[in-house]
Amino acid sequence: MTTETERRSGSGSGVGASAQRPDGTLKVTGEFAYSSDLWLEGMLWGATLRSPHPSAWIRSVDVGPALAMPGVFAVLTHEDVPGEKFYGLEHRDQPVLAIDQVRYQGEPVALVAADHPETARRAAAAIMVEYEVREAVVDPRRAAFDPSCPQVNPRGNVVRHQPVRVGSTFEAEVVVTGEYEVGMQDQAFLGPESGLAVPAEDGGVDLYIATQWLHVDQGQVAPCLGLPPGKVRLSLAGVGGAFGAREDLSMQIHASMLALRTGRPVKMVYGREESFFGHVHRHPARMRYEHGATADGRLVYVRAEILLDGGAYCSSTPAVVGNAASLGVGPYEVGNVWIDAYGVYTNNPPCGAMRGFGAVQACYAYESQMDRLAEACGLSPVEIRVRNAVSQGSRLATGQLIDTPAPLAEMLVRLAAMPLPEEASGEVDLRALPGGVAQTTHGEGVRRGVGYGVGIKNICFSEGFDDYSTARVRVELIGGEPHVLVHTAAAEVGQGLVTIQAQIARTELGIETVTVAPADTSVGSAGSSSASRQSYVTGGAVKTACEAVRERLDSLRAAHPGLSLEELLERSGPVEETREYRHRPTHPLDPVTGQGDSHTQLALCVHRAVVDVDVELGLVKVVELAAVQDVGKILNPLALEGQIHGGTAQGLGLALMEEIQVRDGRVLNPSFTDYLIPTILDMPPMRLSILENPDPHAPYGLRGAGEPPTLSSTPAVAAAVRAATGLELPRVPIRPEDVALAPARA
């Protein structure tokens, strides 16, 4: 039996243990209920008609052919939106259904509810829409800087321009410049957008939905339905991955409109192709960098222009720009900085949150620059980074003091000391070569390269956002045994948050039996499952609520000495407390200088990649990845390792294969046949070194861990390919033709 002392020390199933996930077995056996599995007797099926054009005026919409089809219960357009016609995360600029124009391919125009999903799809296809196609704005540079460019948004084409200005010295002994590009990456979650809307007797709606942020969904859905928030009740359904794409609405308002119109439950499930049009993606970026340094490799200045394509609507572009600007020079000490970061509207697909959130794009550019600088100064990639590494007491380019442990130099030394994989000798397993069992090579033309990458990522929301979480904790007797119920609105999207909440309750209360209630809007907001924040903020809320419950139990013990916990609860009844938890305040960046304490916590990860490249065919095999990350405090070792592996895999994907191909505003590859993601055959063995340097401001000293590996893995893989080929390769993902068809090779 696990004792209370063991629980407090982190053994057993409390904080610090690799506690089993309560949903793990069900997911492995296929019994877990995802949002696409929802079912109610008598429910209807919803479908969406989407624009085939990236930019067009809508001249007419004829829903008659759809309404005439047997089995169709409703066909809705913007005229049927009962409340506000626009929604959005930061600016309410996105129409529920297109009104007089469409601004991107795939924009929703009309909705159908029918008694069968195929009937709904055929009815949507039968709606007649007359479009007047117009010029699509697809070049973000033109959108931002050409006064003659058409305006995608009435507010202008620039969503946000954030400068960062420090110092006045922009001359140096060694200067390197580069232009870099990051393609549009998709979150590629396996569970498509889906949910069930159920009309309620009070005139409201109950929505069961796969999302990342229940309360912000509620805050956008209710006004569009013309209902008070209390009549729009959201419950979290099973989520099949998220990675940022579920922060924005997809079918929430649409399903609710259809349910309220028909008086029947309505289920909507996107197919894979529709999913590519139904959620935001990672912002593609074009970046220009100039680094100046002394002859011995000490940074003097950094100039940068970071241009982020936000697509047709705002989503979270302002925050993404803020992250890119504030972290645009990386975790390096530099006294002179001139950064201009822009987010712009275009008629390309809307972009928003994805793991790494603005820092990924900048990281690829500044790390590529550090490799160029190392070569120019005659230093190794590790040494150039060690010489310029931040540490506790350093300041970011925004002037913010790093007042918690930041052992970057130590992490780099640890990484460099890890043994490298041995080169193959004798007969080679074809699966270990570029191209694998396709037998494109037996080793001829294959070169090995090693590369390094460093990333710094903000944890939790920034720039003055009121970032908090709410937890309700209840201790009661059930069947004669003490039982803990934890209730928050925090979304479990696969990251293991349900497990962590239970571990914290066991640690703080010393009671083994813990149930985490399903997340819904009947408890206060927990914020979004993004920004690597939930262990910090919701974990802090659960911890604080447990402490309040423990104080009440201690008072009961003082009033009734000698009684067991069971006897105390029998006398008092359930003991329940609700608490909010906030991290220390942050502040907006100055709009002119970019100065300000915009972040509450920063996290570091460093990667080393070893690759084999077939330089004739351009095929790449990642042989090994090694990572060192400081996490402050390990709450669940196995879950943490999974987060680092998963984030690394997404970074590998961005480096070598993942990109939504957009031409003239049109998506060319909306399928998992043509949009490639890493499989188990692409993911190599990993070496991990996890450091624990507690952050005194955070619960248990923890440091958010899910996003940093995504930053540093991409430039590490790209650097390794450069080392193997001698090519500049300024763009990710690196395609085979970038290597095989390059004009020259070292």
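Let's start with two rings: Phe170 and Tyr301 are both buried. Keep in mind that this is a predicted model. The two form an aromatic pair, edge-to-face, with 5.5 Å centre to centre and 65° between the planes. This pair links distant parts of the chain, 131 residues apart. Phe170 sits in the loop between β9 (158–166) and β10 (174–182). Tyr301 belongs to strand β16, residues 299–311. And there is a third partner: ring pairs join Phe170, Tyr301 and Trp338 into a cluster.

How many aromatic pairs does the count come to? It comes to 14. Another of them is Phe32 with Tyr34, again edge-to-face, at 4.8 Å centre to centre and 70° between the planes. Are these two rings buried or exposed? Phe32 has a relative accessible area of 19%, so it counts as buried, the cut-off being under 20%. Tyr34 has 28%, so Tyr34 is partly exposed.

Now the nonpolar cores. The largest has 91 residues. Tyr289 and Ile306 have the most contacts inside it. Which helix gives the most to this core? That is α10, residues 359–377, with eleven residues. A second, separate core has 43 residues, including Leu225, Leu249, Val266 and Met268.

Back to Ile306 for a moment. Neighbours within four places in sequence are left aside here. Ile306 then contacts Arg286, Met287 and Tyr289, among others. Its partners also include Ala324, Gly328, Ile339, Asp340, Ala341, Tyr342 and Ala362.

Next, the empty space. A search of the whole structure finds four cavities of 30 Å³ or more. The largest has a volume of about 190 Å³. Its lining has 17 residues, and the closest to the centre are Tyr87, Gln94, Tyr104, Leu249 and Gly278. By class, that lining has nine nonpolar, six polar and two charged residues.

The second largest cavity holds about 60 Å³. Phe189, Glu193, Ala210, Thr211, Ala245 and Arg246 are among its lining residues. Asp248, Leu249, Ser250, Gln252, Gly278 and His279 line this cavity too. Here the classes divide into four nonpolar, five polar and three charged. Note Leu249: we met it in the second core, it is close to the centre of the largest cavity, and it lines the second largest cavity.

On to a pocket. The second largest pocket has a volume of about 820 Å³. It is lined by 30 residues, with Leu619, Val620, Met657, Leu676 and Asp682 nearest its centre. Which elements give two or more residues to this lining? They are β24 (619–630), α16 (637–656) and α18 (736–740). The largest share, four residues, comes from β24. By class, the pocket lining has 17 nonpolar, six polar and seven charged residues.

Last stop, Thr404. Where does Thr404 lie? In the loop between α11 (381–388) and α12 (408–417). With a relative accessible area of 6%, Thr404 is buried. Which residues is Thr404 in contact with, leaving aside neighbours within four places in sequence? They are Gln392, Arg584, Asp695, Pro696, His697 and Arg703. Arg155 is another matter. Thr404 and Arg155 are 249 residues apart in sequence and 40 Å apart in space, C-alpha to C-alpha.

That's the tour. Happy to discuss.

Notes. Residues numbered from 1 in each chain as written. Predicted model: local features only at pLDDT ≥ 70, side-chain atom pairs only at ≥ 80, totals over all residues. Heavy atoms only, no water. Buried < 20%, exposed > 50% of the residue type's maximum accessible area, 1.4 Å probe, protein only. Contact = heavy atoms within 4.5 Å. 1 Å grid on protein atoms, 1.4 Å probe; cavity = no way out; pocket = protein on both sides within 12 Å on 5 of 7 lines; lining within 4 Å. Points joined across faces, edges and corners; volume = space filled by probe spheres on them. Nonpolar A, V, L, I, M, F, W, Y, C, P; charged D, E, K, R; others polar. Core = buried A, V, L, I, M, F, W, Y, C linked by side-chain atoms within 4.5 Å. Phe/Tyr/Trp six-rings, centres within 6.5 Å; stacked < 30°, edge-to-face > 60°.
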